[in-house]
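Biologist: I would like to go through this model with you and ask how each label is earned. Could you show it to me, please?

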Amino acid sequence: MFKTKWKTEADRIILQPNLILNAFGILFLLIFIGLGIYTQNELLSNSRTLTFYFIIFGSVPVLFFLLARNQIIFDRIDQKLYVRLFGLFTIRSVPFDNIAAVNALYLYGTAFNFQVFKKTDRHGKGIRISSGYGKETDKNAIAFTEEVFPLIEDFLKDVFTTEPAPEAITTFEYYTLDQGVYTLKFRAAINAVLGVTLVIWSVYSFFSTNALSLNNPLLITFIPFIFGLLILIGANNKIIFDTNSRTILKTTMGGIKKKEYPFSAYLGFSIIRKTTNFIYSGTDAGIKIDTQDGNHKVLVLKAFNRTKKIERFILETETILHK
């Protein structure tokens, strides 16, 4: 009732990815009924109040039930993907030849959903075509992968087979090269200046005023000092791809802590869109590392605010890993 539903036809795949909204509809319907019973005397004594109650509060569960009927349709004849509001009104269409990929998008840890990404912004906001799943072993997710994915790939096979080969990378924007060692560029100078500024400010504030007599001594002196030290330490973090030894080296805490992974442990890229209070706050680009126990970990390489630059970063990184 709350997971992805699909219907397949000869030339159409119809998906309902928002059925979880039925749960919200039921919740608000129970609140609507319960609140109505609790205030029935007041509602029945005034027709205007009763009408207002039905229009305002009664429309909320109805809206959720209608939104749960939203559809994603792959139409082989029209060669388009359609997004239909309430399953009735087409509010968006994407030509098949503008679809770059249909992938799982991981949100928090193991939580993910399936989305369609456009060629014009391959790693930007996708079009969600499934409900959310907490883990890869979810039965509905497995069924979606086994039953729906092959059909979608068949609909899009002409598009994917004609996609041009990626550009050859000869110069690197995100890495510095020194004798076969590629070092990921960080904003070390900016972080160092910010860290030093915070440390100097906190020390100056401590000695120029009677810090202990202030209402908030921690806010004025100690907290900026700690943040400044952390930023200075982070400014020396490095991620290195050594093509000579074919290893990936990550150093943190100014080089005190080190982690090393072989190129052979690379399983592919991980693109994670971050949100804060449901507002997009950036995208982390990382690589999946095989942990040799049947699982993998993600080594985050770089955070992006503009997703259109991610494809270039991926091409550069994969070029290095395949040297």
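Modeller: Happy to. Contact here means heavy atoms within 4.5 Å. Leaving aside neighbours within four places in sequence, Gly268 is in contact with Gly286, Ile287 and Lys288. Please keep in mind that this is a predicted model.

Biologist: Why is Gly268 called buried?

Modeller: Buried means under 20% relative accessible area. Gly268 has 14%, so the label applies. This glycine is found in strand β14. Its C-alpha atom and that of Ile314 are separated by 9.9 Å, with the two residues 46 apart along the chain.

Biologist: Why is Phe86 buried, and where is the place of Phe86?

Modeller: The cut-off is again under 20%. The relative accessible area of Phe86 is 18%, so Phe86 counts as buried. Its place is in the loop between β4 and β5. Phe86 also has a phi near 60°, a positive value in a residue other than glycine.

Biologist: What makes Arg246 partly exposed?

Modeller: Partly exposed lies between the 20% limit for buried and the 50% limit for exposed. Arg246 has 36%, so it falls in that middle class. Arg246 is not a glycine, yet it has a positive phi of about 50°. The residue is found in the loop between β11 and β12 (247–252), and the hairpin of these strands has four residues between them.

Biologist: How do you know that β11 and β12 pair?

Modeller: Pairing takes at least two bridges between two strands. Five bridges join β11 to β12, so they pair, and they run antiparallel. As one example, Ile239 stands opposite Lys250 in β12.

Biologist: And what joins β12 to β13?

Modeller: Six bridges, again with the strands antiparallel; β13 covers residues 257–262. Thr251 stands opposite Lys258 in β13.

Biologist: In the open sheet, what is the order of the five strands?

Modeller: The order is β1-β2-β3-β4-β5, with antiparallel pairing. β1 (5–8) and β5 (89–95) stand at the edges because each has a single partner strand, and one side of each is left without a neighbour in the sheet. From one strand to the next, the twist averages 15°.

Biologist: What makes β3 and β4 partners?

Modeller: At least two bridges are needed. Five join β3 (residues 71–75) to β4 (residues 80–85), so the two strands pair, and they run antiparallel. The bridge partner of Ile73 in β4 is Tyr82.

Biologist: Which helix lies across β1, β2 and β3?

Modeller: That is α5 (residues 139–155), running at about 145° to β2 (12–16).

Biologist: Which residues touch the most other members of the largest nonpolar core?

Modeller: This core has 27 residues, and those touching the most other members are Tyr175, Phe241, Ile248, Phe269, Ile287, Leu301 and Phe313. Among the elements giving two or more residues to it are β10 (181–184), β14 (266–276) and α9 (310–321). The most comes from α9, with six residues.

Biologist: What does Phe313 touch?

Modeller: Not counting residues up to four places away in sequence, Phe313 touches Tyr174, Tyr175, Leu184, Phe269, Ala285, Leu301, Lys302 and Phe304. Apart from the largest core lies another, of 25 residues, including Val83, Val94, Phe114 and Phe155.

Technical notes:
Residues numbered from 1 in each chain as written. Predicted model: local features only at pLDDT ≥ 70, side-chain atom pairs only at ≥ 80, totals over all residues. Heavy atoms only, no water. Axes fitted to C-alpha atoms, helices over the stretch in contact; angles between N-to-C directions. Core = buried A, V, L, I, M, F, W, Y, C linked by side-chain atoms within 4.5 Å. Buried < 20%, exposed > 50% of the residue type's maximum accessible area, 1.4 Å probe, protein only.
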